[in-house]
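Open the model in your viewer and turn on the cartoon display. The stops below say what to select next and what is there.

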Amino acid sequence: MKLNIGMRCHDLCPKMEMERVFEEVRDNHIHQIQLAFSKSVSNYDFTTGHYSPGFARYIASELERNHLHVAVLGCYINPVNPIEARRKAEVARFIEHLKYARILGADMVGTETGRLDPDFNVTGETYTEDAYRLLLKSMKEIVSAAEKLGVIVGVEGVFNHTLYSPARMKRFLEDIDSPNVEVILDAVNLIHPDQVRPEQQKQVIDRAFSYYGDRISVLHVKDFVFDGEDQLFRHVGEGLFCYPPLMERVKEMKPHITMLLENSSRERFWKDVEFLQRIYGNI
């Protein structure tokens with residue numbers, strides 16, 4: 001089986017006119033994308049309040065013209081910003097993106113779960129119960145809107161964010177209790193600095209699929225190394241990530257799931273696809 005792999009638009013080309021962005025992606029024969037308006041599009045204003053159904057239908061027509069499907073409409077916010085006015089503004093921006101997604105036919109609107117710091121710095125406060133409760137407050141408002149609009153919210157855990165482990169994600173899914181919330185699994189993002197050995201990585205992946213495999217709808221794929229506590233990006237096959245445990249789970253549970261390469265490029269994309277397809281074929 002061929003893997004269903006796409007990439008983020010802002011990795012393939014610099015920020016430019018939206019129409020040109022879609023043409024660039026099409027010309028590279030990519031059909032599944034993650035689209036973040038603010039990172040990719042230079043000729044329209046996507047700040048809160050500029051949405052209209054007519055504008056969304058125009059974007060949808062441009063996507064269709066270029067044979068592109070939005071697997072994830074990226075609206076990565078900090079839902080636990082401790083400055084209340086900023087937190088509310090972030091939530092409002094996400095809810096507006098839900099309206100775009102409904103007309104674009106995007107599979108979901110995706111976000112990570114933030115840090116309890118106004119400047120998004122890594123802090124131990126992020127792992128506290130107070131931060132978790134603030135996340136629930138934000139997400140309940142977002143999910144209420146998503147349920148009314150019939151749109152999926154994609155939530156991505158990260159080892160130094162509010163949802164920092166498979167167990168924390170499991171608790172969140174149970175507490176939020178909505179069929180309109182799915183998981184964007186970036187297995188690399190869940191690996192802590194003390195979990196880099198292959199057997200430890202496998203344990204993290206197994207826990208994620210055991211706890212909420214039925215809710216995993218999209219995968220992000222990349223590689224990594226650690227410099228102390230800092231996780232550094234590497235291209236696939238050039239870091240410490242152990243792919244076979246992930247591919248085993250995909251083959252077992254998630255045929256044709258959309259995989260989105262992170263930090264790939266126009267030049268690397270098809271080489272990266274070939275690398276991942278070879279691992280999958282050997283499972």
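Two strands are said to pair if DSSP finds at least two bridges between them. This is a predicted model, and the tour begins with its strands.

**Stop 1: the barrel**

Show the strands alone. Eight of them close into a barrel, in the order 1-2-3-4-5-6-7-10, and the pairing is parallel. On average, neighbouring strands of this sheet are turned by 30° against each other, direction ignored. As background, strands of a sheet pair through backbone hydrogen bonds, either parallel or antiparallel.

**Stop 2: strand 5 and its neighbours**

Select residues 153–156, which form strand 5. Are its faces covered or open? Both are covered: Val153 and Val155 on one side are buried, and so are Gly154 and Glu156 on the other.

Add residues 109–112, which are strand 4. Strand 4 and strand 5 run parallel and are joined by four bridges. Look for threonine 111, which stands opposite valine 155 of strand 5. Glycine 110 has glycine 154 in strand 5 as its bridge partner.

Now add strand 6, residues 181–186. Three bridges pair strand 6 with strand 5, again in the parallel sense. Here valine 153 has valine 181 of strand 6 as its bridge partner.

To follow the chain from strand 5 to strand 6, select helix 7, residues 166–176. The chain passes through this helix on its way, and the β-α-β crossover is right-handed.

**Stop 3: a residue in strand 3**

Select valine 70, which is found in strand 3, residues 69–74. Is valine 70 buried or exposed? Its relative accessible area is 2%, and buried means under 20%, so valine 70 is buried.

Which residues does valine 70 contact, apart from its neighbours within four places in sequence? They are Ile33, Leu35, Leu63, Gly105, Ala106 and Asp107. Glutamine 34 is also worth selecting: it is 36 residues from valine 70 along the chain, yet the C-alpha atoms of the two are separated by 5.9 Å.

**Stop 4: helix 4 against helix 5**

Select helix 4, residues 53–65, together with helix 5, residues 84–104. Their axes are 8 Å apart, and the helices pack at an angle of about 50°. Helix 4 and helix 5 are therefore oblique to each other. The crossing of helix 4 past helix 5 is right-handed. From helix 4, the contact is made by Pro53, Phe55, Ala56, Arg57, Ile59, Ala60 and Leu63; from helix 5, by Tyr100, Ile103 and Leu104.

**Stop 5: helices on the sheet**

Keep helix 5 selected and bring the strands back. Helix 5 lies across strand 3, strand 4 and strand 5, and runs at about 145° to strand 4. Helix 7 packs on the sheet as well, where it touches strand 5 and strand 6. The direction of helix 7 makes about 165° with that of strand 6.

**Stop 6: an arginine in helix 5**

Finish with arginine 87, which lies in helix 5. How is arginine 87 classed, buried or exposed? Arginine 87 counts as buried, because its relative accessibility is 2%. Not counting residues up to four places away in sequence, arginine 87 touches Pro79, Asn81, Leu134, Lys137 and Ser138.

Note on methods:
Residues numbered from 1 in each chain as written. Predicted model: local features only at pLDDT ≥ 70, side-chain atom pairs only at ≥ 80, totals over all residues. Heavy atoms only, no water. Buried < 20%, exposed > 50% of the residue type's maximum accessible area, 1.4 Å probe, protein only. Helix = DSSP H or I, 4+ residues; strand = E, 2+ residues; numbered from the N terminus. Right-handed = clockwise from strand over helix to strand, strands pointing away. Contact = heavy atoms within 4.5 Å. Axes fitted to C-alpha atoms, helices over the stretch in contact; angles between N-to-C directions. Parallel < 35°, antiparallel > 145°, perpendicular 65-115°, else oblique. Left-handed = near helix turned anticlockwise from the far one by under 90°.
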